[in-house]
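Trainee: Hey, got a minute to look at something with me? I'd like to get better at reading structures.
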Amino acid sequence: MKTSVSQTKILWEVRNGIGLLRLNAPPGNRMDTAFFRELRQLTQATIPQSGVSGLIVSGSGRHFSSGADLDELVKSIRSTGQPKSLLLNNYNCFRFFDGLNIPVIAAIQGVCLGSGLELALHCHFRLCATDALLGLPETGFGLIPGAGGIPQLISFAGKAKAIELIMKGSTFAAKEALELQVADAVFPKNELMENALQLAAIAMGNYRKYRKKEYLEALKKVCKK
Amino acid sequence: MERQGDVGLLQLSNPPQNYLDNPEFIKPERLRDFVQSGIKALVIAGSGRHFSAGADPEIIQKQIRDANRFSEQLLQGNHLLKYLQNLNIPVIAAISGVCFGAGLEIALSCHIRLAEENALFAFPEVNHELFPGLGGTRLLAELSGKTTALELVLEGDLIDAAKALDLRIVDRLTGKKQSLPEAIKLAEKMTAGRPLEVIRAVMQSVKNRSEDREKQIRQDVDAFVKLALQMAEKQEGER
């Protein structure tokens with residue numbers, strides 16, 4: 001299917017009813033203006049029209065995403081007459097995923113920082129490879145996580161841990177992410193995608209967010225076989 | 001009250017148990033001045049072995065004779081705790097020894113709680129046919145859920161630090177006598193090199209999240225734009 005915007009920064013593919021969205025600007029899969037333009041097209045048209053019953057978000061190459069292209073973002077904020085609507089657009093692209101009533105799974109390997117983690121935090125599930133490194137480093141640059149990182153991190157890790165992690169701006173590995181309940185499960189790198197597909201297959205159909213634990217339990221059972 | 005660098009330290013000081021003679025345990029103006037002196041984080045601890053055993057039941061029995069005055073004091077105590085909860089710098093409780101009743105309500109009003117492994121927690125009010133008067137039930141329910149909060153408040157059970165961690169009442173355990181130094185270290189780590197404006201924007205977002213999600217989104221975007229423009233200006237100045 002052709003779309004009005006050429007998709008290069010994000011790859012989109014439907015396989016067995018599952019949408020595969022891949023951030024595609026390796027190595028870091030940085031989120032720049034072109035990325036958000038494509039993400040907007042995807043969230044406003046392509047994905048809603050696709051009829052997929054599950055969604056997996058991942059990154060091309062070794063990493064999920066190192067986050068927003070800060071230099072470019074700041075430049076756009078300065079040059080546009082409406083910096084707030086620019087930011088709000090980006091924010092709403094992320095919120096789209098949280099609001100879907102199909103399972104949305106982030107498959108995270110390598111770095112997942114800043115807006116990269118903000119996107120992942122708007123997914124319903126976060127599966128991490130053992131090498132995943134997560135964090136919201138914005139306060140170290142004199143900024144704040146401005147696209148939902150704060151409220152979403154609180155939802156999973158609780159207020160106290162979220163304040164600590166955001167204020168420190170430090171990164172945390174997959175194992176700690178699991179303890180913080182930011183990650184739902186951790187897998188060896190080469191089994192990550194397979195498990196994400198498996199989880200999508202388990203949760204799709206009559207999907208309910210409140211059954212999250214059951215889906216993860218079912219995934220564990222499949223893994224053991 | 002004292003300052004250690006950018007970290008403010010507030011110690012409840014009525015040893016040995018640090019009983020609180022008044023629900024308004026510090027004059028709000030004093031606290032406000034202290035906060036506005038530019039501190040980037042506030043640590044609350046008890047002096048000596050204990051955080052605070054809360055209100056002294058004997059004193060309450062005397063205070064209650066003047067019901068109007070007592071309810072006024074209680075109201076002011078509630079305002080004070082609300083002020084702590086809404087502060088736009090991180091507030092960390094360093095909990096040692098006993099942390100009961102109004103003492104626990106102060107701790108629950110902080111954003112982060114560190115407790116020593118031998119600390120003890122309880123809402124003993126029910127034993128005196130009272131209940132937590134500074135919003136303790138609600139604060140506890142936010143962390144542990146309604147069922148746990150009601151059980152602890154209605155039974156007056158004493159729980160240890162490990163159980164408190166399990167129930168999310170505290171966020172981290174420390175060794176004996178380590179809660180205060182660790183709380184200060186954490187406060188420093190969280191705020192070193194962070195402009196007050198960034199700290200305030202983060203804390204404002206945290207607060208907005210529990211009050212009004214749409215407002216939170218708008219204000220996060222506003223704050224980000226403002227900080228980004230400042231960052232750009234600063235970078236240009238350096239060039």
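Trainee: So, which residues in α4(B) are buried?

Mentor: First, keep in mind that this is a predicted model. In α4(B), the buried ones are B:G101, B:A102, B:G103, B:L104, B:E105, B:I106, B:A107 and B:L108.

Trainee: And how much of helix α4 of chain B is covered, then?

Mentor: Mostly covered is the way to put it: eight of its eight residues, 101–108, are buried. For chain B as a whole, 50% of the 239 residues count as buried.

Trainee: OK, zooming out. How many helices and strands does chain B have?

Mentor: Ten helices and nine strands.

Trainee: What about its overall dimensions?

Mentor: The C-alpha trace of chain B spans about 65 × 35 × 35 Å along its principal axes. Its radius of gyration is 19 Å, which agrees with the value near 18 Å that a compact globule of 239 residues would have.

Trainee: What share of the contacts in chain B join residues at least 24 apart?

Mentor: That's 73%, counting contacts between residues at least 6 apart in sequence.

Trainee: Switching topic: how many residues of each chain are in contact with the other chain?

Mentor: There are 35 residues of chain A in contact with 35 residues of chain B. Together the two chains bury about 3400 Å² between them, and 68% of that is on carbon and sulfur atoms.

Trainee: Which three residues of chain A supply more of its buried area than any other three?

Mentor: A:I144, A:I163 and A:M167, which supply 20% of the area that chain A buries against chain B.

Trainee: And how many salt bridges does the rule find across the interface?

Mentor: Four, between chain A and chain B. As for a salt bridge you can look up in the model, the side chains of A:R78 and B:E236 meet in one, at 2.9 Å from N to O. The rule also finds nine residue pairs in polar contact across the interface of the two chains.

Trainee: Which elements of chain A give two or more residues to the side that touches chain B?

Mentor: Those are α2 (70–79), α3 (83–99), α5 (149–157) and α6 (159–168) of chain A. With eight residues, α6(A) gives the most.

Trainee: How do the residues on that side of chain A divide into nonpolar, polar and charged?

Mentor: The side of chain A that touches chain B has 19 nonpolar, nine polar and seven charged residues.

Trainee: Great, thanks!

Notes. Residues numbered from 1 in each chain as written. Chains lettered and ligands numbered in written order. Predicted model: local features only at pLDDT ≥ 70, side-chain atom pairs only at ≥ 80, totals over all residues. Heavy atoms only, no water. Contact = heavy atoms within 4.5 Å. Buried area = accessible area lost by both parts, 1.4 Å probe. Polar contact = N/O pair within 3.5 Å; in protein donor to acceptor, adjacent residues only side chain to side chain. Helix = DSSP H or I, 4+ residues; strand = E, 2+ residues; numbered from the N terminus. Nonpolar A, V, L, I, M, F, W, Y, C, P; charged D, E, K, R; others polar. Rg over C-alpha atoms; globule rule 2.2 N^0.38 Å. Buried < 20%, exposed > 50% of the residue type's maximum accessible area, 1.4 Å probe, protein only.
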